[in-house]
Amino acid sequence: MKIMREMHHDNINQFIGACVDPNCVHVLTEYCSKGSLQDILENDDYKLDNMFIASLVFDLIKGMIFLHQSELKFHGNLKSSNCVITSRWVLQVTDFGLHDMRVGAAMQESLTEIQFYRNLLWRAPELMRMPTVSPYGTQKADVYAFGIILHEILARQGPFGSTHLTPKVVKTVASDTNRFHCRDRDLCGSRWVKNLSSAPHRSQCQDYIVNAMTDAWHERPENRPDFTQLKERLRKMREGMKANIMDNMMLMMEKYAYNLEELVSERTCALSEEKKKTEALLDRMLPKSVAHQLMIGEQVIPESFDAVTIYFSDIVGFTEMSASSTPMEVVTFLNDLYTVFDFIISHYNVYKVETIGDAYMVVSGLPEREINHAGQIAEMAIELLSSVKTFKIRHKPNQTLKLRIGIHTGPVCAGVVGLTMPRYCLLETQSTQLLEWSPMGNDLFLGIAGVV
């Protein structure tokens, strides 16, 4: 206990003390908030990338090198549940030493058959065959357990992978006296190594890692490398990384901060472009002044206009044309026609109120007041009337298009109606009704026109 109390290393879980009672022994060690390595590997919510895996593996190696060079010489009970993770994601080795006490406690503990054999999954075969020769363990047995843990970290499928074997496989491990161990022959020689290529972190399962792992659990203890050799053979796992995971995370944060300004600038430009597209779309649906008020969250107050001029038109014979055309042909025809109209009215100080079927409504004098509103509408109407003379209907190229136009000047009240799909509507102030129009049958006439 004195030796363990004086052991201090970043990758060794600090032993604080023990309470020894006649029928129970309580060991007190430093608390690690992340739990054991086994808990981490069995939790699918933890996605371990190459940096985390390399950090955990080398923390384990450094802890075992320190332990083997200490007066304790070996661990004796190394397994994934005896590797704990601190809040800073540092792996620490625990549950070493006090072998006499642990054996006595194990004899008093009632375990099921499955639990008993599961505790032996990390135990080297020579210790199970001749338990009296080295009852507490050896350094080579610790290397064997490390090979099993390395497999657990890479494949995350338990000590023996995704095979159908139960924990009783340790009986086969202990009884197999052939030159090639059953794990090497059945698992590594064929199916198991192939499964590693589809493991969650296949980039980690390179040949040099698999070779180091299989050498670590070699059947013959003398053929197993020590932890210093394993550290050198697995050095490539940490190429370009710092000593521990927190240093790696700080390096990543520095790189992120270095590129943050450029990233923010790019995102700001993209956001500005999207904002311009949204504003342009809204400007096409509502007057610019009204759209601006809505975007900044202001309420659009209705306004009265003493005199505006309203243009309203429809297509002569549209009902008959629709009856002899398919819906797609009608939609295509109206889109072609109104695209031409929209281009023409863009050259005048007017606002397109709406289109309903073949009806097309335009107003001048609101929301921006225009003195020459009647002249703007009249000139626009003449140009629209002229454009239909050369317009060709796709599905009826030989048919001549005729346009019926109405123009009216008078006072109106205008405002936004509704929250969903808001509309900029006009109302006649004299009768407080939506403006109506009545076609007179002429190509161009002065009459009553407005919104229906």
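Which charged end sits over the ring of Tyr208? Hold that thought for a second while I say hello, and we'll start right there.

Hi everyone. What you have on the screen is a predicted model, so please hear everything I say as a description of that model. The residue over the ring is Lys236: its charged end lies 5.5 Å from the centre of the Tyr208 ring. Tyr208 itself belongs to the buried set of helix H10. That helix spans residues 207–216, and seven of its 10 residues are buried, so we can call H10 mostly covered. Besides Tyr208, the buried set includes Ile209, Val210, Ala212 and Met213, and further along there are Thr214 and Ala216.

Let me zoom out briefly. The chain is built from 16 helices and 11 strands. It has 452 residues, and 42% of them are buried. If you take the contacts with a separation of 6 or more, 68% come from residues 24 or more positions apart. Keep that last number in mind, as several of my examples link distant parts of the chain.

Now to a helix pair. How do you describe two packed helices? In general, you give the angle between their axes and the distance between the axes. For helix H3, residues 50–69, and helix H7, residues 139–155, the angle is about 170° and the axes are 11 Å apart. Angles over 145 degrees count as roughly antiparallel, which is why H3 is described as roughly antiparallel to H7. On the H3 side, the contact is made by Ile53, Val57, Leu60, Ile61, Met64 and His68. On the H7 side, you'll find Gln139, Asp142, Phe146, Ile149, Leu150, Ile153 and Leu154. Sorted by class, that contact has 10 nonpolar, two polar and one charged residues. If you look at the numbering with helix geometry in mind, here is a handy reminder: an α-helix has 3.6 residues a turn, so residues three or four places apart point the same way.

Next, the rings. How many aromatic pairs does the structure hold? There are seven, and I'll show you two of them. In the pair of Phe52 and Trp89, the ring centres are 5.3 Å apart and the planes meet at 90°, so this pair is edge-to-face. Phe52 sits in helix H3, while Trp89 is in the loop between strand E3 (83–85) and strand E4 (91–93), and the two are 37 residues apart. Both of these residues, Phe52 and Trp89, are buried. They also have company: Tyr46, Phe52 and Trp89 form one aromatic cluster.

The other pair I picked is Phe146 with Phe227, also an edge-to-face pair, with 5.4 Å centre to centre and 75° between the planes. Phe146 is in helix H7 and Phe227 in helix H11 (residues 227–233), so this pair ties together parts that are 81 residues apart in sequence. Phe146 and Phe227 are both buried. And you've met Phe146 already, in the contact of H7 with H3.

A word on backbone angles, since I know this crowd likes them. Most residues other than glycine have a negative phi. Trp89 has a phi near 60°, so a positive value in a non-glycine residue. Its relative accessible area is 13%, which makes Trp89 buried. Arg156 is another case, with a positive phi near 55°. You'll find Arg156 in the loop between H7 and helix H8 (169–175). Is it buried or exposed? At 18% relative accessibility, Arg156 counts as buried.

Two more loop residues before I finish. Ser36 lies in the loop between strand E2 (25–29) and helix H2 (37–42), and at 9% relative accessibility it counts as buried. Leaving aside residues up to four places away in sequence, Ser36 touches Ser80, Ser81, Cys83, Val84 and Ile85.

Then there is Gly365, in the loop between strand E7 (359–364) and H16. With a relative accessible area of 4%, Gly365 is buried. Which residues does Gly365 touch, not counting those up to four places away in sequence? They are Phe305, Val308, Glu370 and His373. The C-alpha atoms of Gly365 and Ile310 are separated by 8.9 Å, with their positions 55 residues apart along the chain.

Last stop, helix H16 itself, residues 373–390, where we find Leu385. Leu385 counts as buried at 18% relative accessibility. Its C-alpha is 9.9 Å from that of Leu401, 16 residues apart in sequence.

That's my tour. Thanks for listening, and I'm happy to take questions.

Conventions
Residues are numbered from 1 along each chain as its sequence is written. This is a predicted model: local features need pLDDT of at least 70, side-chain atom pairs count only at pLDDT 80 or more; totals for chains, interfaces and linings use all residues. Side-chain values use heavy atoms; hydrogens and water are left out. Helices (H or I, at least four residues) and strands (E, at least two) are DSSP runs, numbered from the N terminus. Buried means under 20% relative accessible area, exposed over 50%, partly exposed in between (1.4 Å probe, protein chains only). Axes are lines fitted to C-alpha atoms, for helices over the stretch in contact, and angles run from 0 to 180 degrees between N-to-C directions. Angles under 35 degrees count as roughly parallel, over 145 as roughly antiparallel, 65 to 115 as roughly perpendicular and the rest as oblique. Contact means heavy atoms within 4.5 Å. Ala, Val, Leu, Ile, Met, Phe, Trp, Tyr, Cys and Pro count as nonpolar, Asp, Glu, Lys and Arg as charged, and the others, Gly among them, as polar. Rings of Phe, Tyr and Trp (its six-membered ring) pair if their centres lie within 6.5 Å; planes under 30 degrees apart count as stacked, over 60 as edge-to-face and the rest as tilted. A charge sits over a ring if NZ of Lys or CZ of Arg is within 6 Å of the ring centre and within 35 degrees of the ring normal.
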